[in-house]
Each structure stands twice: as structure tokens, then as C-alpha cells.
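Colleague: Could you take me through the side-chain contacts in this model, charged pairs and ring pairs alike? I'd like a close look at who touches whom and how buried the partners are.

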Amino acid sequence: MQELSRLSGTTALVTGASSGIGAEFARRLAQRGTDLVIVARSGDKLEELASSLRSAYGVRVLTEKLDLSDPEAPREMFERTVEHGIEVGFLVNSAGGGAGGPVAQADPMAIAAMVNLNAQAVIDSTIRFLPGMVSRGSGTIVNIASVSAFQPTLYLAAYAASKAMVQSFTQTVAAEVAESGVRVLAVHPGVTVSGQKSEDILPEIARLCGVRQPEQVVTTAFRALGSRKLSVVDGRRYSMYAAVAQRVPNRMNIALSRRFTRTLRSLIGV
């Protein structure tokens, strides 16, 4: 368990920080006195957020414009912190994205880029920053997965699989370092307001479980960090959804997936 009311003296690195969950993590961490390295593809949005956080909370904020779907980007991200003499004590891997459609019609390059962003970048950055935390005997890593990690999702096959990879990897790492002083947590949002407009793509799930706000997801994450949980699903209804998905037979999961992706299928014409 962790005391997270104040984190002054710590530097946090947040990916996907230009909007949504990543931006909210950056705000909450700045409120706690944490200096920041914020990373995203949109340099203008990063600079705007950095300026507001410096002004509001008096913290230092370094911006790094990187596309983490590039396999070399996590290494570059880590090396830049080393160049600046920064010890990252709180890592949030929030960058992510989705690519939908039938697997038989998928663009291999687009799917590879998505898997790199959603899973490989999470694994790579965790592996790079974790040893320093372990050697210091303290640190936190939060990996943002998805409620889709618990259920195969038709026409979002690679997306759901990439999030399942984050869930499995994060829980294993959390168990490996449990006695080291380092806290590792997987967070599983459902449909959440963001630039990806998932509420428009999956309205059936949004109607069933609701549309969550980034503020709610981050609150759920901080509460879970104060517990012994290895992973947490945001929102009571999504928690129930994930629990059901893990317990029912595969044929029922597929049937549910067909129902919940009706709008997505109409958008992609299948």
C-alpha cells in the first residue's frame, strides 16, 4: 500500500498525456507536488498542459514529443530522462489507441503500430524504468489496459488482445516485485470520454455500463494504489461486466461481443 497524498521530490513520467486519462494523471500528480515528464505525439497540446501545470502548481514539467507506436520510441524516451539526469519514481503508461475491422481485411502495418503502442511500449518502458525503482526500493508503475482485456471482442481482435497482454504482464511484474517497495498496477477503463470517441464506436456497452470520465478513472487508480490490488476495473458496472466475462463460456462471450459491436460493424460495413 502507498501514501499518495504528497509526492513532492518525485518525478513522474506520463505517456499519452496530451488528453484524456493521461492528462488527468499529470494534473493529479502535479497537485501532489510531483515534477513531470509528459509524453505524447501532440507537441502543442503537451506544451499547453505543461504551461498550465507549472503555473498552477509550481512543478517542473519537461515535454517529450514522441510517437510510441514507433518501436524505438520507448528507448528514446528512457534515454532522454537519463540525459536530463531524471530518476523516474512514478511511471504511467497511458498512451494507447484502437484499430477496428475484420481481421481478414486488416492492414498489417496499422495493426502492428497499434500493438506496439498498446502493449510493446508498455512492456518496453516498464522493463527500462523498473530496475532503477527496484534498486532504490521505491516506485510506482501504472499501466492502462482496458475492460476489453477480459473478453475477446469481434472486430477489435488485436486491440482486445493487446490489452490482455498488458493485464497479464502487469500482474506478473507486480507479483515479482511485491517485496521490493515498488508498486505495479493495471487499470482497466471501460468506455471513457477521450479523443478516441469510444462512446460513439461502442454505444451498446456505453448504454449498459455508462460513460466514464478521465477523472473517475484516475480516482479509481489512486484508490487501488492504496490497496493490495494488482489490477482494478474502473466503475462498478464495468467491474461486474469484467467479472461476468471471465466466468461465462466462450460461446457466450462471443455472443455478447456480437451484440456489443453492432454499431461498430455498421460503421465498418460488415
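Modeller: Here is a walk through the salt bridges, and after that the aromatic rings. Keep in mind that this is a predicted model.

A search of the whole structure turns up 10 salt bridges, and I'll pick out a few. Start in helix α1, residues 20-31, where R27 and E24 sit three residues apart, about one turn of the helix. Their side chains meet in a salt bridge at 3.4 Å, N to O. The two partners fall into separate burial classes: E24 counts as buried at 8% relative accessibility, under the 20% cut-off, whereas R27 is partly exposed at 34%. This bridge has company, too, as salt bridges with shared partners join E24, R27 and R28 into one network.

Now go to helix α3, residues 73-83. Here E79 and R75 are four residues apart, again about one turn of the helix, and their side chains form a salt bridge at 2.9 Å, N to O. Both partners are partly exposed in this case, E79 with 34% relative accessibility and R75 with 27%.

Helix α4, residues 108-136, gives you another bridge across about one helical turn, with D124 and R128 four residues apart. The closest N and O atoms of D124 and R128 are 2.4 Å apart. D124 is buried, with a relative accessible area of 14%, while R128 counts as partly exposed at 29%.

On to the rings. You describe a pair of aromatic rings by the distance of the centres and the angle of the planes. The structure holds three aromatic pairs. One of them is F78 with F129: the ring centres are 5.1 Å apart and the planes lie at 75°, so this pair is edge-to-face, the cut-off for that label being over 60 degrees. Unlike the bridges above, which each stay inside one helix, this pair links distant parts of the chain, with F78 in helix α3 and F129 in helix α4, 51 residues apart. F129 is buried at 5% relative accessibility, and F78 is partly exposed at 25%.

Finally, have a look around F222. Ring pairs link F25, F90 and F222 into a cluster. A charge joins the picture here as well: the charged end of R32 sits over the ring of F222, 4.2 Å from its centre.

Conventions. Residues are numbered from 1 along each chain as its sequence is written. This is a predicted model: local features need pLDDT of at least 70, side-chain atom pairs count only at pLDDT 80 or more; totals for chains, interfaces and linings use all residues. Side-chain values use heavy atoms; hydrogens and water are left out. A salt bridge is a side-chain nitrogen of Lys or Arg within 4 Å of a carboxyl oxygen of Asp or Glu. Helices (H or I, at least four residues) and strands (E, at least two) are DSSP runs, numbered from the N terminus. Buried means under 20% relative accessible area, exposed over 50%, partly exposed in between (1.4 Å probe, protein chains only). Rings of Phe, Tyr and Trp (its six-membered ring) pair if their centres lie within 6.5 Å; planes under 30 degrees apart count as stacked, over 60 as edge-to-face and the rest as tilted. A charge sits over a ring if NZ of Lys or CZ of Arg is within 6 Å of the ring centre and within 35 degrees of the ring normal.
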